Amino acid sequence: MTQLMTGHEARRLDDPPDVTTRRPLRRNSPWTALAFLLPFFALFVVFVIVPVGSAVWASLHRWSLGLPGRPWVGGDNYAELFAGTSVTSVEFWKGMQATGIFSAGSAPLLIVIPLALALLLHQKFPGRTFFRAVYFAPYVFGVAVVGLLWHYLLDRQLGPVNQLLRAVGLPGDIAWTTTLPAGWVALIGVTVWWTVGFNAVIYLAALQDIPKDLYEAATIDGAGAWRRFLAVTLPGIRRVLQFVVTITIIACANMYGQSALITQEQPGTDTRTAIGFIAQTGIEGFDIGTSSAMSMILAVSLVVVSALVLLAFRKVGDLEQ
Amino acid sequence: MSSTEVTPVNRGPAGPVVPPPPPPPRVRRRPRRLVLGLTVLALTAVFVVPLLLMVSTSFKSVEEANSLDFSLVPQEPTLAAYREILGSARLPVLRWLGNSLLVALLHSALVVTISTTAAYALARLEFPFRRTMLGLVLATMFVPGVIFLIPHFLIVNELGWLNSYASLVVPSAAGAFGVIFLRQFFLAVNPAIEEAARIDGANQWQIFWHMMLPLAKPAVATLAVLAFLSSWNDFLWPVFVLFSTDMLTLPAGLAQLQGEFASRFDLLMAGAVVASVPVLVVYVVAQRYIIEGVSQGGVKA
């Protein structure tokens, strides 16, 4: 690199560029571009584009183990699921319900608590970079470690959580991992503990981007802390807030590991989520057609929810202007 | 700290005498700082104590771990749990650790290789359908991940990759995030640098390799660490596509450990600690890159 630079400098100083031989800079041949793009796009086509197509295709065919051929069945897979009479469809909607309960419980907490945490970390105090790293830490451990850990911490008899509750004189016999609604409290609580730092870090970066003079101006105008939060902070992080809402809903709807490890789908299979049941139906049961239709239903629900979030933010934005 | 104290008002030698500032509201500020400090420390306990309990229980004996008399610190620390899981042929934790390391490193390397080159081309090269390609990659960021589960299983099955390292390394490598993230970085580099090198006869590859990559080092490091972590922590996919015990990654192995030793919390916590140590090392070393990467993902979205 240095050689290239010095060579360039030297030439420019010694002999000025010959204007007659100078042609418009041709930047690169399409073949060069192809070479740069090929490794990514080859995998992109095989593992991203083709799957989207084949998910739709498979959901319109009967495709399962022991069945000859893969006959086209149109919307039958969907119709069966929506009819809700077969065992599979009942279990699927139970899974969708579990995913829904979990998301409705955790998403609001994961939108609000991290914002409070970010506002705290946005204060000036010694070691705040260190504390930011501590609050983020549970996230890097991954769901397997976190799930195993809390399965132990929340154990009815031996778990430290119940032992602590007993020690302070509260009911310490709660079956966190085997009954409802305690199971939902456990799953939601652990998920908040695990990922709160992730969203907080995103909020914090947004808070740091808000110009300081906006706060000063608001203070001079006599705005108190709460008023400053509503008038300066919230509008300042609106785009990031929308981003956090969207990714949090999507992440909650993908929940699998927590219910596989903490509650182990108990009681019965009541905490088995939709994606868990889709994987069991498709991969273990090799019922590709039905599981693909389930995937499409879950995915479309998510797209609808994301679109609603987008619309809601637009509405609020319009009202503000 | 110093920000709470009222800074002395600047009095120029010839300037008018400014009336002294009102006395600092010490009485109200002190408790506020105290509350702030206590909140920060209480939250630290909330996040750290569960992790310490994991370590503590892993050093307890079976009897102590299963005792109804809970103790925060092991009364008689022992390595028995570690000896048992690390010596087990049926549940080869060390082999799982090796599998996880290998898979996460290969995945990270693959993601970085294909994402840097494609991101550079999409940021700086000219070719037909550039905007279309970029739009296509961007659009897939909004496709819910559940769509890919069954098709990936079918493709991996078709390729004969079930129960193999390849099934963990390759399918999720061509994600949109890396390309979009790095493209932003390349776009910010001054084009004059490239022009200068081009005039000097450097070819596209040399420009990419000798100039752009070194400039993008922090972004590449961030992507590498994030890809490593996401592969290391992946749970659902390895649980379903790996089926022989010696092919498992640590997360899938931990699930199996839990299935075998449901109530042996000393063993389970020892397994969790083994799975945590490498992540903790990566986190301590690359904490800045991880947190920067996550926060930039939001700001740039």
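How far apart do the end C-alpha atoms of residues 96-309 of chain A lie, and what percentage of the span is helix? In this predicted model, the two end C-alpha atoms of residues 96-309 of chain A are 20 Å apart, and the span is 76% helix and 0% strand. An unreviewed UniProt entry places the feature "domain: ABC transmembrane type-1" at these residues of chain A.

UniProt, again in an unreviewed entry, places the feature "transmembrane region" at residues 31-58, 101-121, 133-153, 184-206, 240-257 and 293-313 of chain A. Two of these spans, residues 133-153 and residues 240-257 of chain A, are set out below.

| Span of chain A | Distance between end C-alpha atoms | Helix | Strand |
|---|---|---|---|
| Residues 133-153 | 23 Å | 95% helix | 0% strand |
| Residues 240-257 | 27 Å | 83% helix | 0% strand |

Turning to the interface, 83 residues of chain B are in contact with 82 residues of chain A. Helix α14 of chain B, which covers residues 265-299, contributes 16 residues to the side of chain B that touches chain A, and this is the largest share. Sorted by class, that side of chain B has 60 nonpolar residues, 20 polar residues and three charged residues.

Within chain B, Thr113(B) has its place in helix α4, which covers residues 93-124. Because 13 other C-beta atoms lie within 10 Å, Thr113(B) is classed as partly exposed, a class that falls between exposed, at 12 or fewer such atoms, and buried, at 20 or more. The C-alpha atoms of Thr113(B) and Ser67(B) are separated by 51 Å, with the two residues standing 46 residues apart along the chain.

Conventions
Residues numbered from 1 in each chain as written. Chains lettered and ligands numbered in written order. Predicted model: local features only at pLDDT ≥ 70, side-chain atom pairs only at ≥ 80, totals over all residues. UniProt positions renumbered as here; feature names shortened; annotations may be inferred. Helix = DSSP H or I, 4+ residues; strand = E, 2+ residues; numbered from the N terminus. Contact = placed C-beta atoms within 7 Å. Nonpolar A, V, L, I, M, F, W, Y, C, P; charged D, E, K, R; others polar.
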